[in-house]
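Me: Please take a close look at the cysteines in this model and at the helix packing that goes with the rest of the chain.

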Amino acid sequence: MSRDPRIRLEQLRFLYNIQLHLRQTEHWIRVAEERVAEAASREPPPPPQWGYSHARGDKPPTVHAWDCGMSGPKKPLTREQALRALTIDQIPPCVYCTPDRDLGVLE
């Protein structure tokens, strides 16, 4: 089956135009990704969720939810650090904010 060369040329020009638009779209995507990454780098990191309060007087050190008002000053902990403190290091959880419950630590 033979094709009209003019139709084939028209099809190829159409394909070429689509590919040009794809390249431009790829460029726009790269620029948008760079802007998103730049904006994300300017955002402050999220506050920690967990904290460790040092022993004070007769109070032992404890693990707290970061927003617990019963802890006083505390050192920020990642989720993994808080789990380790509760399970391996055997640091007791705060009885008010119960971080062990929120972290899924069972008795």
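Reply: The cysteines come first, then one helix.

This is a predicted model, in which local features need pLDDT of at least 70 and side-chain atom pairs count only at pLDDT 80 or more, while totals for chains, interfaces and linings use all residues. Residues are numbered from 1 along each chain as its sequence is written, and side-chain values use heavy atoms, with hydrogens and water left out.

A disulfide is a covalent bond between the sulfur atoms of two cysteines. Taken as a pair of cysteine sulfur atoms within 2.5 Å, zero disulfides turn up in a search of the whole structure. Cysteine 68 is in none, and its nearest cysteine sulfur, that of cysteine 97, is 3.7 Å away. For cysteine 97 the closest cysteine sulfur is in cysteine 94, at 3.7 Å, which is too far for a bond. Cysteine 68 has 10% relative accessibility and counts as buried (under 20% relative accessible area, with exposed over 50% and partly exposed in between, for a 1.4 Å probe and protein chains only). Cysteine 97 is also buried, at 13%.

Now the helix. Helices (H or I, at least four residues) and strands (E, at least two) are DSSP runs, numbered from the N terminus. In helix H2 (residues 79-87) the buried residues are Ala82, Ala85 and Leu86. Seen down the axis of H2, they fall within an arc of 95 degrees, so they line one face of the helix; the arc is that of the directions from the helix axis to the C-beta atoms. These buried residues pack against strands S1 (50-53), S2 (62-65) and S3 (75-77) and helix H3 (99-103), contact meaning heavy atoms within 4.5 Å.
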